[in-house]
Amino acid sequence: MTVGNPARLLWKSQCRKLAANTTGAESAIYALLSNDMESALSNPTLRSWEAGLYACVSSLVGRMEDELLHRYHARLRANQIVVLPGSEYEQEEMEHLLATANAAMLNETTIFDRLAASPYQELHGNNSLQQLVAAFIKGKNAVMTTLLLRTTSMQQQESNNNSNLRSMTHLLLYLDSSFIPGLEHMKEDCIQQYLRHLAGRPDLVKFTTVYASMLPPPTMLEVLPGLLTSVQVPEERHLIWRQMKSLLEDGTDILILQRVVRLILGDETISDARKCQSIGWLCFSPDHYGEAL
């Protein structure tokens, strides 16, 4: 019969004591091995939100395992059955369970309350990605609330280079096909913000079609042409056209390219030379030559 380590609680008790009598990384390792959450959270080596989250989650899981093993040993002792070694360390078991009692009060929500209450700012988890990770662990309602707060914040900032925009866009694209319904409008708003960000970056504008293809067709036809008017390099235009052929329904590419060219031709601020060059959008497929003429 496979039993694992029957002296697990004794070993963890010794690791906890070593964590208190060592320093630095060595103390951090012993604290994590023994699920000594308080020692781990106060260790300078683990002074980050991700490390703090790991310390809390591992302590929560480890405490549950310790309690189960303690109950098993208690039953052996009560029945005076000596089957497995390890059940004779009752004092050490009780000491360890008492020392890790704080972990017994943790759950998916209070973990983040504990980190937020830390005197160390690094453990608070204030950036958007950390808040989203926390929301995923807390559950569906927390995810929806966090998304609403973050998208509202981005709309108020009106910043195309917002550092949260990329993570929010991809998260919403994932959730839209996952377990949370009702995100369509939020997803569309976020994608449109991200498209404006891509269009404002010459090195990223070639990806606009990829993300625009995730919008409803009427919205895409309204938004995408205006974002492509700034693309002047023939190779980038050709790449974007090939993306349209690959990602969009047949015939959609010519509708978009017609609008791109007409927007350029109708813009009085654009030079005649650029207006002539805009016809190049319609020269990648023989099917478009008539429209180019």
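Biologist: How much accessible surface does the chain have, and what share of that surface belongs to carbon and sulfur atoms?

Modeller: The model is a predicted one, and its values are computed from the atoms. In this model the accessible surface of the chain comes to about 15900 Å². The share that belongs to carbon and sulfur atoms is 55%.

Biologist: What percentage of the residues of the chain count as buried?

Modeller: A residue is taken as buried when its relative accessible area is under 20%. The chain has 293 residues, and the portion that counts as buried is 43%.

Biologist: How many helices and how many strands make up the secondary structure of the chain?

Modeller: The count of strands in the chain is zero, so that the secondary structure, taken as runs of helix or strand, is made of helices. Their number is 17.

Biologist: Which helix supplies the largest share of the largest nonpolar core?

Modeller: In soluble globular proteins, nonpolar side chains tend to be buried together. Here the largest nonpolar core has 37 residues, and Leu 195, Met 220 and Trp 281 are among those that touch the most other members. Helices α10, α11, α12, α13, α14 and α15 each supply at least two residues of this core. The largest share, seven residues, comes from α11.

Biologist: Which residues does Leu 228 contact, leaving aside its neighbours within four places in sequence?

Modeller: Leu 228 is itself one of the core residues that touch the most other members. With those neighbours left aside, the residues in contact with Leu 228 are Thr 208, Ile 240, Met 244, Ile 256, Val 260 and Trp 281.

Biologist: At what angle do the axes of helix α14 and helix α15 cross, and which residues make the contact?

Modeller: The axes of α14, residues 234-247, and α15, residues 252-265, come within 9 Å and cross at roughly 145°. By class, their contact has four nonpolar, no polar and two charged residues. On the side of α14 these are Trp 241, Met 244 and Lys 245, and on the side of α15 they are Asp 253, Ile 256 and Leu 257.

Biologist: Why do the buried residues of helix α5 lie on the same side, and which exposed residues does the face turned away carry?

Modeller: In α5, residues 90-99, the buried residues are Glu 93, His 96 and Leu 97. They lie on the same side of α5 because they cover an arc of only 100° around the axis. What covers them includes α1, α4 and α6. The face turned away from this buried side carries the exposed residues Gln 91 and Leu 98.

Note on methods. Residues are numbered from 1 along each chain as its sequence is written. This is a predicted model: local features need pLDDT of at least 70, side-chain atom pairs count only at pLDDT 80 or more; totals for chains, interfaces and linings use all residues. Side-chain values use heavy atoms; hydrogens and water are left out. Axes are lines fitted to C-alpha atoms, for helices over the stretch in contact, and angles run from 0 to 180 degrees between N-to-C directions. Helices (H or I, at least four residues) and strands (E, at least two) are DSSP runs, numbered from the N terminus. Contact means heavy atoms within 4.5 Å. Ala, Val, Leu, Ile, Met, Phe, Trp, Tyr, Cys and Pro count as nonpolar, Asp, Glu, Lys and Arg as charged, and the others, Gly among them, as polar. Buried means under 20% relative accessible area, exposed over 50%, partly exposed in between (1.4 Å probe, protein chains only). Accessible areas come from the Shrake-Rupley method with a 1.4 Å probe; for residues, only the protein chains shown count as cover. A nonpolar core is a set of buried Ala, Val, Leu, Ile, Met, Phe, Trp, Tyr and Cys residues joined through side-chain atoms within 4.5 Å. The arc is that of the directions from the helix axis to the C-beta atoms.
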